[in-house]
Amino acid sequence: MITNNEKTKKKLTQRKGFRYSMLGAFAVILGVGAGFAGACAFKQPLVQHVANGDNYQVSAAYLKTALAKYNGAKEEGTSLKDALTPDEAVNLAYSFYEEAEYGKAIGVGLSDAGIAKQTIQSCSIKNGAEYFEESNSLGIVNIYNRMYEEGDSTKTYWGSDNNYAAHPEETMTNEDYAELMGRTVSDPLIYIVSPSTILEGTTISGDKQTGIYENGNGYTIEIEMKLEDGVMPGIANYQKQMKTISGLKSYPVFEYCHLTVVTDADLNLLTMTTHERYQADMGFIKSKCTGSLTTHYSTAEVSIPSLSESIDYSAYEA
């Protein structure tokens with residue numbers, strides 16, 4: 001018997017497949033992250049297993065302990081740098097953001113594959129119990145995707161121009177959407193940041209080592225994802241998203257993935273920058289790229305945009 005999720009996945013794959021096949025050896029768009037793979041084939045393909053992300057998520061008890069350490073440091077007037085681990089700081093920052101009545105995360109990034117570049121735009125908005133997400137990619141091929149989550153269902157509008165109202169509408173349960181995309185629209189962080197997913201010491205990316213650093217006005221939290229025995233569990237859900245939206249033959253293989261999270265002195269989110277390098281398997285070619293995306297966070301009152309309303313990214317462009 002074919003399940004509803006299998007029917008949904010097949011439907012999405014059929015609808016998306018022809019569009020992404022146009023990219024050929026030039027590019028493949030990889031969703032909300034900084035994903036764009038150019039025609040730079042590996043001489044030898046990398047091999048990487050994909051972890052079960054559920055096995056690495058932090059628990060309610062973990063967050064309770066981290067919050068107690070946070071509150072203790074605040075009461076004593078000590079630095080959060082000394083009170084928390086980097087993973088605790090990131091999870092608390094995102095839990096504070098998630099608990100706010102309103103939230104807006106808007107980002108712009110660039111993917112460079114040598115022979116071609118692609119601009120990435122992303123925006124997610126929370127207004128009470130309503131959630132919105134937009135994911136665009138502009139360059140050789142233009143991709144314009146919007147998603148709306150309310151109650152138990154998510155509606156998607158995926159197309160090749162910014163006339164979202166003209167895009168085909170698909171409706172599915174939040175559970176089915178998360179199975180396809182690695183997370184729900186309402187989940188603000190697709191990466192799994194836990195003690196077992198982060199790399200201590202020298203980084204593969206060349207970015208700063210995993211740690212909490214005081215920056216004068218707050219904290220900069222550096223997180224390098226761990227790659228061990230062919231597995232990078234911290235990006236398991238992200239790999240699922242990339243494979244689904246791009247119609248890849250297999251899950252993308254990461255060389256490295258680094259997160260830089262900037263907060264104020266109370267761990268309220270300000271920005272997050274991702275820096276990543278990976279291989280994408282399009283079947284007829286295996287290609288690699290590096291990408292970066294900086295997302296800016298706000299908890300000021302904000303409304304969910306209609307399909308005809310535009311998001312202004314101009315203030316965030318490099």
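## The nonpolar cores

In this predicted model, the largest nonpolar core holds 36 residues, and Tyr-191, Val-193, Met-225 and Leu-267 are the members that touch the most others. Two or more residues of this core come from each of helix 2 (60-76), helix 4, strand 8, helix 6 (236-246), strand 9, strand 10 and strand 11. Helix 4 makes the greatest contribution, with 6 residues.

Tyr-191 shows how such a residue is surrounded. With its neighbours within four places in sequence set aside, Tyr-191 is in contact with Met-225, Gly-234, Ile-235, Tyr-238, Cys-257, Leu-259, Met-272, Thr-274 and Glu-276. A second core, separate from the one described above, has 11 residues, including Ile-106, Ile-125, Tyr-157 and Val-302.

## The chain as a whole

The protein chain contains 6 helices and 11 strands. It has 318 residues, of which 51% count as buried. Its exposed surface amounts to about 14500 Å², and carbon and sulfur atoms supply 49% of that area.

Contacts can also be sorted by the separation of the residues along the sequence. Among contacts in the protein chain with a separation of 6 or more, 61% are between residues 24 or more positions apart.

## The sheet

Strands of a sheet pair through backbone hydrogen bonds, in either a parallel or an antiparallel sense. Here, 11 strands form an open sheet in the order 6-5-4-3-2-1-11-10-9-8-7, and the pairing is antiparallel. Strand 6 and strand 7 (211-214) each have a single partner strand, so they stand at the edges and one side of each lacks a neighbour in the sheet. From one strand to the next, the twist averages 15°.

One pair within this sheet is formed by strand 2 (residues 117-127) and strand 3 (residues 130-138), which run antiparallel and are joined by 9 bridges. Asn-127 has Glu-130 in strand 3 as its bridge partner.

## Strand 5 and its partners

Strand 5 (residues 153-159) is mostly covered, with 5 of its 7 residues buried. Strand 4 (residues 143-150) pairs with strand 5 in the antiparallel sense over 7 bridges. Within this pair, Tyr-144 is bridged to Gly-159 in strand 5. The hairpin of strand 4 and strand 5 has 2 residues between the strands, and Gly-151 takes a positive phi near 65° there.

Strand 5 is also joined to strand 6 (residues 169-173), again in an antiparallel arrangement, through 5 bridges. In this pairing, Thr-156 stands opposite Glu-170 in strand 6. Helix 5 (residues 174-181) lies across strand 4, strand 5 and strand 6, and it runs at about 100° to strand 6.

## Helix 4

Helix 4 (residues 86-99) packs on the sheet, where it touches strand 1 (102-112), strand 2, strand 7, strand 8 (218-224), strand 9 (253-264), strand 10 (269-281) and strand 11 (286-298). The direction of helix 4 makes about 115° with that of strand 8. From its first C-alpha to its last, this helix of 14 residues reaches 20 Å, close to the 20 Å expected at 1.5 Å a residue.

Is helix 4 largely enclosed or largely open? Because 11 of its 14 residues are buried, helix 4 is largely enclosed by the rest of the structure. The buried residues are Pro-86, Asp-87, Glu-88, Ala-89, Val-90, Asn-91, Leu-92, Ala-93, Tyr-94, Ser-95 and Tyr-97.

Key: Residues are numbered from 1 along each chain as its sequence is written. This is a predicted model: local features need pLDDT of at least 70, side-chain atom pairs count only at pLDDT 80 or more; totals for chains, interfaces and linings use all residues. Side-chain values use heavy atoms; hydrogens and water are left out. Buried means under 20% relative accessible area, exposed over 50%, partly exposed in between (1.4 Å probe, protein chains only). Helices (H or I, at least four residues) and strands (E, at least two) are DSSP runs, numbered from the N terminus. Two strands pair if DSSP finds at least two bridges between them. Axes are lines fitted to C-alpha atoms, for helices over the stretch in contact, and angles run from 0 to 180 degrees between N-to-C directions. Contact means heavy atoms within 4.5 Å. A nonpolar core is a set of buried Ala, Val, Leu, Ile, Met, Phe, Trp, Tyr and Cys residues joined through side-chain atoms within 4.5 Å. Accessible areas come from the Shrake-Rupley method with a 1.4 Å probe; for residues, only the protein chains shown count as cover. The expected span of a helix is 1.5 Å times one less than its number of residues.
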